[in-house]
Amino acid sequence: MTNDPLIRPAPEQIEERPRAAASRLLLGGPVALVTTMHRGKANVMPVAWHMPVSANPSLVAIAVEQSRYTADLIRHSQEFALNFPTRPLLHHVQYLAALHGDRVDKIEATQLETFGPDHITAPLLSACCAWIECEVVEAFPLGDHVLFVGNVMSVRVDPASFDEQWLLGPEETRPLHYLGTNRYSVLGRALEARIPGPSEAPESVLRDRLAEELELTTDAREKREERLDALKREVEHGRALDITGLELEVSPEQILDLSRGHVIGE
Ligand SMILES: Cc1cc2nc3c(=O)[nH]c(=O)nc-3n(C[C@H](O)[C@H](O)[C@H](O)COP(=O)(O)O)c2cc1C
């Protein structure tokens with residue numbers, strides 16, 4: 001315990017968790033199905049521990065437990081592909097994790113269709129919505145996992161799911177996110193954060209915005225966001241906007257592109 005008056009005690013509601021919870025806290029990215037191939041044998045394994053590690057060159061890493069068949073296949077072939085499943089493959093993902101590639105041909109067992117890769121030999125899964133082909137440039141054994149770093153050879157996407165970002169269109173086009181055990185999620189709506197103005201003092205602006213976010217009930221927030229979305233669509237069609245009753249914390253111009261519409265009811 002420190003006597004420094006500036007360091008306050010931790011908030012009361014905070015609880016301690018075992019160290020293993022660190023990896024669960026870090027979950028949240030889209031689940032990937034790693035496909036591999038060596039000597040004519042292909043395999044698929046769900047992976048949640050993956051991350052980008054360099055932008056230029058484009059490198060991504062996956063942590064694979066040392067004893068997995070997938071780790072063997074990657075060690076031998078020096079390549080892997082990441083296939084991103086969407087909502088309809090929810091049960092396939094769990095099933096693929098329960099099977100071991102050294103005992104079962106998982107692609108045959110799950111009847112997943114595949115198509116040809118551009119740069120590697122591992123097959124790609126047609127039912128997914130994005131694909132990254134990688135050649136291994138480094139492998140670091142770390143604890144009970146091996147971190148395989150892959151040089152990205154190609155990226156392909158289904159534009160219904162991903163443009164320059166995940167689109168969050170119809171639910172069946174959204175990627176799956178792993179929460180742990182057999183629980184998954186799909187992302188809800190995208191939230192657009194306020195972009196800081198060039199010369200504004202962050203303390204007061206952020207304090208006000210924070211207070212406002214906390215004040216809004218979930219219901220009120222959803223209704224307000226739905227109304228804003230509707231307004232944005234109106235603007236896109238160049239129509240007049242009626243913002244009566246919509247409590248905006250900033251001027252409409254700051255959140256709506258008004259070059260094609262105009263506001264009434266201010
Ligand atoms: C959603 C999900 C994510 C997973 N992520 C990882 C991971 O990142 N690394 C890992 O080693 N195992 C992970 N697993 C466990 C493997 O997918 C599972 O052990 C699989 O059967 C291994 O397949 P293989 O033996 O054919 O290589 C995950 C399981 C699930 C359900």
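# Worked exercises on a predicted model

Glutamine 111 has its place in the loop between α4 (106-110) and β6 (114-115). The model to which this residue belongs is a predicted one, and the exercises below begin with the backbone of that loop.

## Exercise 1: Unusual backbone geometry

Determine what is notable about phi at glutamine 111 and at glutamine 78, and decide for each of the two residues whether it counts as exposed, partly exposed or buried.

Solution. Begin with the general expectation: most residues other than glycine have a negative phi, and most peptide bonds are trans. Glutamine 111 departs from the usual sign, with a phi near 55°, a positive value in a residue that is not glycine. The next step is its surroundings: glutamine 111 has 7 other C-beta atoms within 10 Å, and because the limit for an exposed residue is 12 or fewer, it is classed as exposed. Turn now to glutamine 78, which is found in the loop between α2 and β5 and whose phi, near 60°, is likewise positive in a residue other than glycine. Here the count is 16 C-beta neighbours inside 10 Å, so glutamine 78 is partly exposed.

Which peptide bond is cis, and where does its proline lie?

Solution. The bond runs from asparagine 56 to proline 57, and its omega is near 5°. Proline 57 lies in the loop between β3 (50-54) and β4.

## Exercise 2: Valine 34 and the nonpolar core

Establish whether valine 34 is buried or exposed, and trace which residues it touches.

Solution. First locate the residue: valine 34 belongs to strand β1. Next take the neighbour count, which is 26 other C-beta atoms within 10 Å; because 20 or more are required, valine 34 is buried. When residues up to four places away in sequence are left out, valine 34 touches Met45, Val47, Ile62, Thr70, Phe80 and Leu82. For a distance in space, consider alanine 48, which is 14 residues from valine 34 in sequence and 9.9 Å from it, C-alpha to C-alpha.

The wider setting comes last. Nonpolar side chains tend to be buried together in soluble globular proteins. In this chain the largest nonpolar core has 36 residues, of which Leu33, Val34, Phe80, Ala81 and Leu82 touch the most other members. At least two residues of this core are supplied by each of β1 (32-38), β2, β4, α2, β5 (79-83), α3, β7 (124-125) and β8 (130-142).

## Exercise 3: Strand pairing

Work out in what sense β1 pairs with β2, β5 with β8, and β8 with β9, and how many bridges join each pair.

Solution. Take β1 and β2 to begin with: they pair in the antiparallel sense over seven bridges, and leucine 33 has proline 46 of β2 as its bridge partner. These two strands form a hairpin with two residues between them, and arginine 39 in the turn has a positive phi of about 50°. Proceed to β5 and β8, which run antiparallel and are joined by five bridges, with asparagine 83 standing opposite tryptophan 131 in β8. Strand β8 also pairs with β9 (residues 145-157), again in the antiparallel sense, over 12 bridges, and phenylalanine 140 stands opposite leucine 147 in β9. A hairpin is formed by β8 and β9 as well, with two residues between them, and glycine 143 in its turn has a positive phi of about 60°.

## Exercise 4: The shell around the ligand

Describe how many residues surround the ligand, which elements supply them, and how they divide by character.

Solution. The shell holds 20 residues, the closest being Trp49, Glu65, Thr70, Ala97 and Gly101. Two or more residues each come from β2 (41-47), β4 (59-65), α2 (69-77) and α3 (90-98), and β2 gives the largest share, four residues. By character, the shell divides into 13 nonpolar, five polar and two charged residues.

## Exercise 5: Two helices

Compare the end-to-end reach of α5 and of α6 with the expected span of each helix.

Solution. Helix α5 (residues 202-215) has 14 residues and reaches 20 Å from its first C-alpha to its last, close to the 20 Å expected at 1.5 Å a residue. The number of its residues that are buried is zero, so α5 lies largely in the open. For the 19 residues of α6 (residues 218-236) the expected span is 27 Å, which agrees with the 27 Å between its end C-alpha atoms. Just after α6, glycine 238 takes a positive phi of about 70°.

Conventions:
Residues numbered from 1 in each chain as written. Predicted model: local features only at pLDDT ≥ 70, side-chain atom pairs only at ≥ 80, totals over all residues. Expected span 1.5 Å × (residues − 1). Near = placed C-beta within 6 Å. Nonpolar A, V, L, I, M, F, W, Y, C, P; charged D, E, K, R; others polar. Core = buried A, V, L, I, M, F, W, Y, C linked by C-beta atoms within 7 Å. Contact = placed C-beta atoms within 7 Å. Pairing = 2+ DSSP bridges.
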